[in-house]
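Notebook open, coffee poured. I want to look up a few things in this model and jot down what turns up.

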Amino acid sequence: GVLAIGAFAAWIAIAFVRAPLDTVGDVDFDRALTIPPLAESRVDGDVRTFDLRLQSGTSDLGADHLTPTWGVNGELLGPTLRAERGEAVAMRVHNDLPETSTLHWHGMHLPAEMDGGPHQLIEPGNVWSPTWTIDQPASTLWYHPHLHGGTADHVYRGLAGMFIIDDPLEAELDLPRDYGVDDLPLIVQDKNLDDDGELDMSESFFASAGVIGETIVVNGTPGPYADVTTEAVRLRLLNGANARPFTFAFADGRDFDLIGTDGGLLETPVAMDALQLSPGERGEIVVRFEPGERVVLRSDPSDTGNVFAGGQDRLDIIEFRAAEQLDPSPRVPDQLAEVPRLDPEDASEERSFRLSDSTINGLEMDMERVDEVVEAGATEIWTVTNADGGSHNFHVHDVQFQVLDIDGREPPPHLRGWKDTVWLRQSEPVRLIMRFGHHTSTEWPYMFHCHTLRHEDEGMMGQFMVVEPGQSPGPIPHAEGHE
Ligand code: C2O
Ligand code: CU
């Protein structure tokens with residue numbers, strides 16, 4: 001009793017003493033940003049093959065001791081995969097970890113059996129070899145484990161990487177695209193480290209969203225700086241955190257151009273001074289620098305419309321250091337890509353999803369249950385509602401969707417492109433329109449879920465199958481969860 005009261009008092013003290021506008025942690029920006037290497041691949045015949053190895057190691061995350069971490073082809077995070085639209089790719093994913101895992105290609109349109117979700121387990125010592133043809137526009141996707149009940153843990157330990165898709169339309173635009181020079185991947189994550197330097201996964205106070213960390217790492221580098229040598233730099237921002245929403249803004253409030261969202265380029269650039277990305281979301285921005293200046297990219301507190309969304313501290317993320325002489329960069333083109341609007345008149349089905357209390361529509365994830373059956377090629381409208389004010393967003397596998405409206409209002413310009421993950425403000429239904437592809441299966445489901453990883457693990461996830469008209473799903477093979 002006394003202990004509980006003490007703990008409660010401490011909780012109250014910590015929750016209220018820390019004013020929301022304080023900057024969390026002191027950041028010195030004394031380490032050069034690590035740029036994940038581009039993954040090596042080989043082309044046999046028409047297939048580009050990547051060898052990926054899930055492995056354990058240690059990393060210097062700025063604590064007094066090295067931190068045990070996991071990575072892909074390295075000790076923390078993984079290489080950037082890169083392939084062209086139209087290319088066939090093959091992955092050989094070796095699991096050298098002591099635990100079963102999976103590798104999911106977030107944002108990818110591909111057959112469900114290749115998706116790397118909770119049904120494609122890779123046992124320790126085994127190799128999983130999915131293959132598919134890249135069939136979607138230039139975009140910044142990513143990959144991470146997706147085992148039911150274990151995603152939060154495996155991502156937090158460091159398994160994640162970017163997957164860049166190129167296409168000829170994007171290649172013709174006058175945009176920065178020199179990887180690691182004026183086109184930088186930024187995987188932004190938050191960690192808590194204990195006194196021994198170990199990753200601490202204790203959950204936050206906030207609605208059990210999971211870890212809200214106070215050490216910010218970018219591409220695994222704590223306190224990073226990046227040297228800038230060109231007038232404009234393209235940043236591929238990925239919120240790779242377990243639970244924390246980030247609102248990216250420069251400390252001096254400068255504008256930047258948002259050029260792309262989860263599924264590819266926008267029609268026209270959107271000038272913004274703050275961009276909110278929840279876990280799993282990506283944003284490609286182009287920002288301009290003056291010679292010799294230093295400017296910090298940080299996360300600002302912002303209105304999440306969501307009572308229980310924690311983690312809205314002011315956080316310093318990375319410092320950009322512009323050289324005294326900058327190579328000239330072109331202005332961002334006025335026209336980027338065509339984003340044909342999906343037409344609600346074409347929708348053959350409407351479904352609704354209510355997220356609350358670790359469930360979707362009152363049901364916890366069940367590996368053996370197929371929640372929704374979708375016809376190949378169908379256009380559908382999905383209405384998604386955050387019904388409990390928790391820290392929720394919504395991610396759908398296989399497709400990129402468009403936001404039709406949010407609580408009846410037109411989406412803001414930065415939400416009018418292709419998306420696969422969208423933030424949910426409390427009690428503001430978001431209507432999504434999507435067209436399903438033709439990768440059908442009666443055995444293998446795709447997932448839809450909240451991308452706050454603890455919620456996903458706890459069951460805020462469901463399964464859909466894409467089938468030919470008239471087909472019905474059979475039983476799902478290998479429907480075991482993660483112990
Ligand atoms: Cu990024 Cu279903 O996952
Ligand atoms: Cu959630």
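I started with Leu77 and asked how crowded its surroundings are. It has 27 C-beta neighbours inside 10 Å, so I put it down as buried, the cut-off being 20 or more. A note to self before going further: this is a predicted model.

Next I looked up where Leu77 sits. I found it in the loop between β4 (67–72) and β5 (81–84). Its backbone caught my eye too: phi of Leu77 is near 55°, which is positive, and the residue is not a glycine.

Then I turned to Ser427. Here again I noted a positive phi, about 55°, in a residue that is not a glycine. I traced Ser427 to the loop between β30 (421–423) and β31 (430–435). Is Ser427 buried or partly exposed? I counted 14 other C-beta atoms within 10 Å of Ser427, so I logged it as partly exposed.

Last entry, the whole protein. I tallied four helices and 33 strands. The radius of gyration comes to 21 Å, close to the 23 Å that the globule rule gives for 483 residues, so I wrote the protein down as being as compact as a globular protein of that length. For the overall dimensions, I have the C-alpha trace spanning about 65 × 65 × 50 Å along its principal axes.

I also checked burial across the chain: 47% of the 483 residues are buried. For contacts with a separation of 6 or more, I got 79% from residues 24 or more positions apart.

Key: Residues numbered from 1 in each chain as written. Chains lettered and ligands numbered in written order. Predicted model: local features only at pLDDT ≥ 70, side-chain atom pairs only at ≥ 80, totals over all residues. Helix = DSSP H or I, 4+ residues; strand = E, 2+ residues; numbered from the N terminus. Buried ≥ 20, exposed ≤ 12 C-beta atoms within 10 Å, placed from the backbone. Rg over C-alpha atoms; globule rule 2.2 N^0.38 Å. Contact = placed C-beta atoms within 7 Å.
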